[in-house]
Amino acid sequence: MKGFKKSKRGGLFKGVSLILAIGVNCFTKFIGMRLHSFNITNFKIDGGAMFGVVPKILWEKHYPADENNFCNWSLRSLVIDTGDRVVLIDNGFGNKQSEKFFSRFHLNNYKGLEEGLAEGGYKPEDVTDMVLTHLHTDHCGGGVKTSKDGNGYEMTFPNARYIVSKDQWEWAVNPNMREKDTYLPENLHPMEESGQLHLIEEEREICPGVSLRLFNGHTRGQIIPFISYNGRTIVFAADLLPSTVHIPLPYIMSYDVMPLETLKEKELFLKEALDNGYVLFFQHDYYNECCNLQDTHKGIRAKDTFLLQQWLREI
Ligand SMILES: [Zn+2]
């Protein structure tokens, strides 16, 4: 993703930071919310695995593959700064594993987690809430790093609570054979041992403007964050909808543990998103960061695609 310049905290958002008026019990409270997105790295995954039962002849028209059938994917994170809290959503692969491990993912255009945060003017110590949509290795590995002496692990965000759904945590620490390879003990156990792990059992608002909802088709208890910004809703689509190309209902990843559940969840979510004018933020779409939706004779589809910062400047 292009379009960000290095800037001191606040500089990037000059002119786009908005004061939101929220009525609370007849009193008006003002909250300034800043959003900063960044792409930690791109990585390549087999196109067939990403598009499930859809034949290549169809998906390839919308999402190109190379000669090895690999497609390129982004790994975006999002910072939501409410003034009181600095919420980070997902933190990529991290860099604890071996070269051999990373060679499976063909990382390219690597920026890094801390570098991406720094572009928005943030340090790891600033993060108060580390929301992990789920615990697959590309979503949570950056939260734990190798300790300075090289003998153990330490938390990347020492002042943050690490928010995970209870369902996902239990699913990850007792993994099924299908997902076992992506739930890495070194990503999980230090979180618990640090005392920073914070499990949520149901959908809830974690701070003004940031609500977490739960979905089960991709994996049990995936958190999908809904962000209220100036009266509009931005949805961090994570692996519910990895890209614009996954919007048509049959386009479901082979990775999903309950594809029929994904189908139902997508159908309901897309209708809600269309009816309420939500903006979808894509973590994995190499070509598009955000879109809004339209109803067509074929079903709900992407309408306009844009960068988050572009949208923030225009509303
Ligand atoms: Zn996943």
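**Entry 1. The seven-stranded sheet**

I began with an open sheet of seven strands, which run in the order β10-β11-β12-β13-β14-β15-β16 with mixed pairing. I noted β10 (204-207) and β16 (299-306) at the edges; each has a single partner strand, so one side of each has no neighbour in the sheet. On average, neighbouring strands of this sheet are turned by 35° against each other, direction ignored. The model I am reading is a predicted one.

**Entry 2. Pairings inside that sheet**

I went through the strand pairs in turn. β12 and β13 run antiparallel and are joined by four bridges. In this pair I found Tyr229 opposite Arg232 of β13. The two strands form a hairpin with two residues between them, and Asn230 in the turn has a positive phi of about 50°.

β13 and β14 are parallel, with three bridges. Here Phe236 stands opposite Phe281 in β14. I looked up the handedness of the connection: β13, α8 and β14 make a right-handed β-α-β unit.

β14 (residues 279-281) and β15 (residues 290-296) pair in the antiparallel sense over two bridges. Phe281 has Cys290 of β15 as its bridge partner. I note that Phe281 is thus listed with Phe236 and with Cys290.

Which strands does helix α8 lie across? I find that α8 (residues 259-276) lies across β11 (210-215), β13 (232-236), β14, β15 and β16. The helix runs at about 95° to β15.

**Entry 3. Gly221**

I then checked the loop between β11 and β12 (222-229), where Gly221 is found. Is Gly221 buried or exposed? I count it as buried, because it has 22 C-beta neighbours inside 10 Å and the cut-off for buried is 20 or more. Leaving aside neighbours within four places in sequence, Gly221 is in contact with Ser165, Lys166, Asp167, Gln168, Trp171, Leu214 and Asn216. I also took one distance: the C-alpha atoms of Gly221 and Leu240, 19 residues apart along the chain, are separated by 11 Å.

**Entry 4. Helix α7**

In α7 (residues 185-193) I list Asn187, Leu188, Pro190 and Met191 as buried. What do the buried residues of α7 pack against? I find two helices' worth of entries and some strands: α5 (137-140) and α6 (166-173), with β6 (144-146), β7 (153-155), β8 (161-165) and β9 (197-200). Just after α7, Gly195 takes a positive phi of about 80°.

**Entry 5. Strand β4 and its partners**

I moved to β4 (86-89). Val86 and Leu88 point one way from this strand, Val87 and Ile89 the other way, and all are buried. β4 pairs with β3 (residues 70-81) in the antiparallel sense over four bridges. Val79 has Leu88 of β4 as its bridge partner. β3 and β4 form a hairpin with four residues between them, and Gly83 in the turn has a positive phi of about 100°.

β4 is also joined to β5 (residues 129-131), by three bridges, and these two run parallel. In that pair Val87 stands opposite Asp129 of β5.

I checked Gln97 in the loop between β4 and α3 (99-103). Gln97 is partly exposed, because it has 17 other C-beta atoms within 10 Å. The C-alpha atoms of Gln97 and Asn72, 25 residues apart along the chain, are separated by 21 Å.

**Entry 6. The core**

Which residues have the most contacts inside the largest nonpolar core? I find Met130, Val131, Val235, Ala237, Leu280 and Phe281, in a core of 76 residues. In soluble globular proteins, nonpolar side chains tend to be buried together. I followed Ala237 further: apart from neighbours within four places in sequence, it is in contact with Ile224, Leu280, Phe281, Phe282 and Gln283.

**Entry 7. The whole chain**

I closed with the totals. The protein has nine helices and 16 strands. Buried residues make up 42% of its 315 residues. Of the contacts between residues at least 6 apart in sequence, 69% join residues at least 24 apart. The C-alpha trace spans about 60 × 55 × 40 Å along its principal axes. I compared the radius of gyration with the globule rule: a compact globule of 315 residues would have a value near 20 Å, and the 19 Å of the protein agrees with this.

Conventions. Residues are numbered from 1 along each chain as its sequence is written. This is a predicted model: local features need pLDDT of at least 70, side-chain atom pairs count only at pLDDT 80 or more; totals for chains, interfaces and linings use all residues. A nonpolar core is a set of buried Ala, Val, Leu, Ile, Met, Phe, Trp, Tyr and Cys residues joined through C-beta atoms within 7 Å. A residue is buried if 20 or more other C-beta atoms lie within 10 Å of its own, exposed if 12 or fewer, and partly exposed in between; C-beta atoms are placed from the backbone. Two residues are in contact if their C-beta atoms, placed from the backbone, lie within 7 Å. The radius of gyration is taken over C-alpha atoms; the globule rule is 2.2 Å times the number of residues to the power 0.38. Two strands pair if DSSP finds at least two bridges between them. Axes are lines fitted to C-alpha atoms, for helices over the stretch in contact, and angles run from 0 to 180 degrees between N-to-C directions. A crossover is right-handed if, with the strands pointing away from the viewer, the path from the first strand over the helix to the second runs clockwise.
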